[in-house]
Amino acid sequence: MRINLAFGLTSQDIERLVKGEHHDPHYVLVGHPVNGGVIIRAFHPEAIKTELIISEQTYLMEKIHPQGLFAFFVEKTWPFDYKHRFYFADGSIWERRDPYRFLPTLGEIDFYLYGEGKHWEIYKKLGAHVCVHEGIKGVSFAVWAPNALRVSVIGEFNGWDGRIYPMRVLGPSGIWEIFIPDLKEGLLYKYEIKTKEGLLRIKTDPFAFFMEKRPKTASIIWDLGKYEWHDAAWMEERKKKDWYKEPLNIYEVHLGSWRRGENNRFLTYRELAEELPTYVKKLGFTHIELLPIMEHPHDASWGYQVSGYYAPTSRYGTPDDFRYFVDKCHQAGIGVILDWVPGHFPKDDYSLRLFDGTALYEHADPRLGEHPDWGTLIFNFGRNEVKNFLIANALFWLKEYH
């Protein structure tokens with residue numbers, strides 16, 4: 001008996017997948033239980049041959065569409081772990097676990113709270129997160145792009161090819177999601193967004209925890225869960241103080257200008273941690289106020305044109321290096337205050353501007369959406385998701401960076 005390997009699909013499903021326009025590629029590619037077994041599908045537009053690997057057993061998959069859609073029927077009870085092995089014309093081979101067999105990493109409560117503008121820890125759901133999902137270690141990706149035709153994760157792990165890892169949109173939330181197994185911290189990534197007009201927009205992650213040093217712009221997968229703080233005494237003492245009555249003496253500083261290293265290089269967060277707290281304490285200051293350290297494209301802006309709201313700038317080191325700086329300040333009895341910039345953002349096209357092909361974070365009306373003095377864009381505070389993005393961002397720095 002021959003099994004219809006396109007069972008459950010329409011021709012429109014297949015065409016939209018291979019054209020990079022399907023809103024739910026998981027539906028096409030995930031295992032489909034049928035009588036007596038499961039149909040497994042795989043997609044890679046450049047593959048000339050694909051094998052299915054289950055418990056060290058290898059099966060040659062059948063090409064059911066000339067543009068790289070493969071399928072195989074296996075007599076086995078779903079679900080189960082498996083891999084795909086893709087073969088290419090140049091002789092190269094790529095073996096991977098299937099990202100399309102995993103359930104979503106977000107749920108209805110996330111969609112509801114974000115839509116209400118009240119998901120105060122949305123940064124734990126959107127963005128890129130190193131995690132263990134359904135027993136497998138990898139990275140979950142999620143991004144809000146409600147007007148996109150298709151969103152894909154691109155990066156150094158898939159040749160920056162938007163056809164390889166298209167995401168699924170989760171109901172009416174406008175959130176696109178995928179879990180990619182076996183990815184690790186430190187890899188570069190972006191999102192490729194196909195607009196409803198068919199144009200491709202390459203964007204950094206609005207919730208990225210780390211980004212490349214300018215002028216490069218890629219987001220970097222980073223695990224915020226591994227730093228070990230040593231400022232418990234400061235944090236506990238801080239709770240007890242009445243800050244309306246405590247004396248404050250604040251030293252305001254731009255980290256890139258305070259001192260320089262050899263050949264006029266920026267000092268790192270860790271170098272600053274050894275020098276700056278001691279310096280300000282000696283002068284009788286109680287707090288350091290930092291000009292914005294969120295990622296920004298232009299040195300001369302001093303950080304006031306933010307392109308990465310959840311990422312400490314890579315000019316001076318990694319997110320954990322910045323945590324070390326705050327930690328050392330607290331250990332020295334010095335508080336840290338951050339300048340925060342929710343009033344506007346730059347027009348650099350790799351960031352928030354026209355994010356999904358529409359004015360998503362900014363006002364569509366230029367009379368409301370453009371700052372006449374600074375040449376920047378103004379957030380649309382009337383949109384719940386935008387307010388949530390910013391309020392959660394303020395809470396993020398308080399919680400994750402103390």
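Is Asn-264 buried or exposed? Select Asn-264 and color by accessibility: at 52% relative accessibility, Asn-264 counts as exposed, where exposed means over 50% relative accessible area, buried under 20%, and partly exposed in between, with a 1.4 Å probe and protein chains only.

Before going on, some ground rules. This is a predicted model, so local features need pLDDT of at least 70 and side-chain atom pairs count only at pLDDT 80 or more, while totals for chains, interfaces and linings use all residues. Residues are numbered from 1 along each chain as its sequence is written, and side-chain values use heavy atoms, with hydrogens and water left out.

**Stop 1: backbone oddities**

Stay on Asn-264 and check the backbone: its phi is near 65°, a positive value in a residue other than glycine. Asn-264 sits in the loop between helix H5 (255–258) and helix H6 (269–282). Helices (H or I, at least four residues) and strands (E, at least two) are DSSP runs, numbered from the N terminus. Now jump to His-402, in the segment after H9, where phi is near 60° and again positive in a residue other than glycine. For context, most residues other than glycine have a negative phi, and most peptide bonds are trans.

On to the peptide bonds. Select Trp-78 and Pro-79: a cis peptide bond joins them, with omega about 5°. Pro-79 belongs to the loop between strand S6 (69–74) and S7. Then pick Arg-214 and Pro-215, also joined by a cis peptide bond, with omega about 10°. You'll find Pro-215 in the loop between strand S15 (200–203) and strand S16 (219–220).

**Stop 2: salt bridges**

Side chains of opposite charge can pair when their charged atoms come close. The whole structure has 34 salt bridges, each being a side-chain nitrogen of Lys or Arg within 4 Å of a carboxyl oxygen of Asp or Glu.

Start with Glu-95 and Arg-85, whose closest N and O atoms are 2.9 Å apart. Glu-95 lies in strand S8 (residues 93–97) and Arg-85 in strand S7 (residues 83–88), so this salt bridge ties together parts that are ten residues apart in sequence. Glu-95 counts as partly exposed, at 38% relative accessibility.

Next, show Asp-161 and Arg-163, which meet in a salt bridge at 2.8 Å, N to O. Asp-161 is buried, with a relative accessible area of 18%, whereas Arg-163 is partly exposed at 36%. Then try Arg-265 with Glu-262, where the closest N and O atoms are 2.9 Å apart; Arg-265 is partly exposed, with a relative accessible area of 27%.

For a busier view, select Glu-185, Lys-226, Asp-320, Arg-323 and Glu-400 together: a network of salt bridges links them.

**Stop 3: the largest pocket**

Rolling a probe the size of a water molecule over the atoms shows where empty space is left. The largest pocket holds about 430 Å³ of space. Of its 20 lining residues, Arg-238, Val-336, Ile-337, Leu-338 and Leu-398 are the closest to its centre. Helix H4 (232–240), helix H7 (319–331), strand S21 (335–338) and H9 each give two or more residues to the lining, and S21 has the largest share, with four. By class, the lining has 15 nonpolar, four polar and one charged residues.

On the terms: a 1 Å grid is laid over the protein atoms alone; a cavity is a set of points where a 1.4 Å probe fits but cannot get out, a pocket is an open set with protein on both sides within 12 Å along at least five of seven lines, and lining residues have an atom within 4 Å of a point. Grid points are joined across faces, edges and corners, and a volume is the space filled by probe spheres set on the points. Ala, Val, Leu, Ile, Met, Phe, Trp, Tyr, Cys and Pro count as nonpolar, Asp, Glu, Lys and Arg as charged, and the others, Gly among them, as polar.

**Stop 4: the cavities**

How many cavities of 30 Å³ or more does the structure hold? There are two. The largest has about 40 Å³ of space, and its lining includes Phe-43, Arg-150 and Arg-163. The second largest has a volume of about 30 Å³; select His-254, Tyr-316 and Thr-313, which are among its lining residues. That lining divides into five nonpolar, three polar and no charged residues.
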